[in-house]
Structures are given as C-alpha cells and as structure tokens.
Amino acid sequence: MECKEGTGETDAESVLISDWAELTHECLLNILSRFTFEQRWTGPMFVCKPWLNACKDPSLNSVFDLETRFDSSSESTRWWTPEFERRIDSMLRSVITWSNGNLTQILTRHCSDLSLNFAAQRCPNLQVLSIKSSPRVTDASMAQIAYHCRNLKQLDISYCYEISHESLSLIGRNCPNLKILKRNLMNWLDPSQHVGIVPDEYLNACPQDGDTEAAVIAKFMPQLEHLEIRFSKLSAKGLGSICEGCSQLEHLDLSGCANLTSRDILNATSNLKDLKEVKKPNFYIPRSVFHTERYEHWRLYDERFQTDVFRI
C-alpha cells in the first residue's frame, strides 16, 4: 500500500510533518519491519503516538532479541545491578503484552523470575529461550516455563547459577521438542576475565553437581542434538551417561571440562553415530590452579590431553 502524499501546504516543514504523521498503519508496519528490534526501541517509538502504536503491533513483536546488543558490547558492572535487571524485565514484559501470545523467541540476559513467569503465562508458542547471566532466574520460573511453553526447541541457561538440575528435569519431561541445550558455566579455573565485573559471591556460587545434571540430561532429554556444557564439573561417569542417553547428539561442547581426559571423551563418544563436532577441554590453565584443593597435584593435568598448551 502506498503512503499518502502531502497536503499541498506551501511550508516545506509543515508538509514533511504532515506526510509522516499521516502514514497509514499498514505503511508504518512496512517501514518498521525493516528495523531491528533495538532500532525500533531507540528511535521510531518516540516519533509520535501513531508510530508508537505501530511499534506495539503483534506482527512486530514475535521476537525479543537483545542478545545481539549484549554480544557486541563489553561486559559492564552495570549489567549486574538490580536497576538494570528491572529495565530488562520492563522491556520484556512490554513486548510480551504487545505480542498478543505470538512471541516465539526470547534472547536476552539479566532478566528475573518476574518477567519469565509473565512469559510462561502469556507465551504458549515460545520456541527459543536464551537468558544467559540471569542471577535472579530460579527454578520457580523455569518450572512455569516447563509447564506452559511445551513447544520449546532451544534453551540457553548459561551462567544462571540459581537454576538447578530440577529445572532440567522439568524441561526435559515437558518439552519433547527440545533440540538445543546450552548450560555453560563461567571459567572457574581462571576467573580473571570476570573479576571486578561479576559479583564475587556469584562467581563463588558456581554449580558443583555436574554429574547430577548430566544424569538428568541423559534421562529426560534423549532428543538433544546440540549440547554445550563448557566448564561443567562432570566426570567421565557423567559424560558416559549423556552419550548413552542422548544418542542423537551432533554437536558436543566440553570446553573447560577439566575433570575429563582425552580417553574419557573418546570412550564416551565412540557410539554417537551422528556426532559431527566435539570440542575438547584443550586450553591454557594457570599454574596457580594446580595448587588448589580441587586438584591437589600437578600430575593430574599432565595426564589430560598431552598437548603443548599444558606445558607450563
């Protein structure tokens, strides 16, 4: 549909204002659909009331994506504040309302139970949920997601330390279409990249129950094709359970899983016929790590992957 022409006023500025103000709703939607989610929130919404109303159209609110912005920015201490979390929650709740039940993807960080509970009640068609680094998302809201968002295909709960294996169990039992799970932890071997940004108490709250989570994944998520568990503390037993229970795995990311040896990985993955890529925990480990109570002695790491990267 073509946009309306000017009113014929002689004043150029008046004509311009009149033209933009009189754009039909269909024409506005056509224009706004060419903007990214972030662009609509930082410009068009503030032009005038008709533009704001157009930005609220359900057709423009099927995806809530802030991950692109987060991913392109350096992590900030401000992101970990309650004030920032409230802003994310407010934005997400607004889009959920405007979507009129049509929201299919949520990709953000630093949200809370408040907005996720709202999403669970209003987004039955949700297929993608990515909520990395959300310290106040707990098992309570994840249970609601499991019960009400059964079409979930992709879940990223990386760096969400208040989410336990109980949530993984509920998601697995209630979301049979789940194909992608990302449950990565922060680098607890060398947390220097996070120190001064992520609160210390949160860094120290890194989940310890790698094998418990592995057992739940193996039992309730047999349909997984893509699994990321970077820096998980699972053992060879836990990895064996996953590879036995999730026989359709194509992509497996074990980066930073320091309790696994190359032999452990080879033995566990040998029966995965569809496996296309496995990322092993082959990375530089600071000498200080070898003196922690977790590993006790140097030789444990010397038995790992026998690559030059471990020759300190």
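The buried residues of helix H9 pack against helix H8 (139-148), strand E4 (154-156), strand E5 (180-182) and helix H11 (210-220). That makes H9 a good place to begin a walk through this predicted model. Which residues of H9 are buried? They are Ser167, Leu168, Ser169, Leu170, Ile171, Gly172 and Asn174. With 7 of the 10 residues of H9 (residues 165-174) buried, this helix is largely enclosed by the rest of the structure.

Now step back for the overall view. The protein has 14 helices and 8 strands. Of its 312 residues, 48% count as buried. Among contacts with a separation of 6 or more, 70% join residues that are 24 or more positions apart.

Helix H11, one of the elements that the buried residues of H9 pack against, also leads us onward to helix H12. A few words on helix pairs may help here: two packed helices are described by the angle between their axes and the distance between the axes. For H11 and H12, the axes come within 8 Å and cross at roughly 10°. An angle under 35 degrees counts as roughly parallel, and H11 and H12 are therefore roughly parallel to each other. On the H11 side, Asp211, Ala214, Ile217 and Ala218 take part, and they meet Gly238, Ser241, Ile242 and Gly245 in H12. Sorted by class, this contact has 4 nonpolar, 3 polar and 1 charged residues.

Let us pause at one member of that group, alanine 218, which sits in helix H11. Alanine 218 is buried, with a relative accessible area of 11%. Which residues does alanine 218 touch, once its neighbours within four places in sequence are left aside? Its contacts are then Ser241, Ile242, Gly245 and Cys246. Leucine 239 lies 21 residues from alanine 218 along the chain, and 9.1 Å separates the C-alpha atoms of these two.

Leucine 239 also brings us to a second helix pair. The axes of H12 (residues 236-245) and H13 (residues 262-269) come within 9 Å, crossing at roughly 20°. H12 and H13 are therefore roughly parallel to each other as well, and their crossing is right-handed. H12 contributes Ala236, Leu239, Gly240 and Cys243 to the contact, while H13 contributes Asp264, Ile265, Ala268 and Thr269. Here the division is 5 nonpolar, 2 polar and 1 charged.

Next, consider the cysteines. How many disulfides does a search of the whole structure find? The search finds 0. To see why cysteine 175 is unpaired, recall that a disulfide is a covalent bond between the sulfur atoms of two cysteines. The closest cysteine sulfur to that of cysteine 175 belongs to cysteine 149, and at 7.4 Å it is too far for a bond. Cysteine 175 is buried, with a relative accessible area of 0%, and cysteine 257 is buried, also at 0%.

Our last stop is in the loops, where two residues have a backbone feature worth a look. Histidine 110 lies in the loop between strand E2 (105-109) and helix H7 (113-122). Its phi is near 60°, a positive value in a residue other than glycine. Is histidine 110 buried or exposed? At 2% relative accessibility, histidine 110 counts as buried. Tyrosine 159 is found in the loop between E4 and H9, which returns us to the helix where we began. The phi of tyrosine 159 is near 65°, again a positive value in a residue other than glycine. Tyrosine 159, at 18% relative accessibility, counts as buried, since the cut-off is under 20%.

Key. Residues numbered from 1 in each chain as written. Predicted model: local features only at pLDDT ≥ 70, side-chain atom pairs only at ≥ 80, totals over all residues. Heavy atoms only, no water. Disulfide = S-S within 2.5 Å. Buried < 20%, exposed > 50% of the residue type's maximum accessible area, 1.4 Å probe, protein only. Axes fitted to C-alpha atoms, helices over the stretch in contact; angles between N-to-C directions. Helix = DSSP H or I, 4+ residues; strand = E, 2+ residues; numbered from the N terminus. Parallel < 35°, antiparallel > 145°, perpendicular 65-115°, else oblique. Left-handed = near helix turned anticlockwise from the far one by under 90°. Contact = heavy atoms within 4.5 Å. Nonpolar A, V, L, I, M, F, W, Y, C, P; charged D, E, K, R; others polar.
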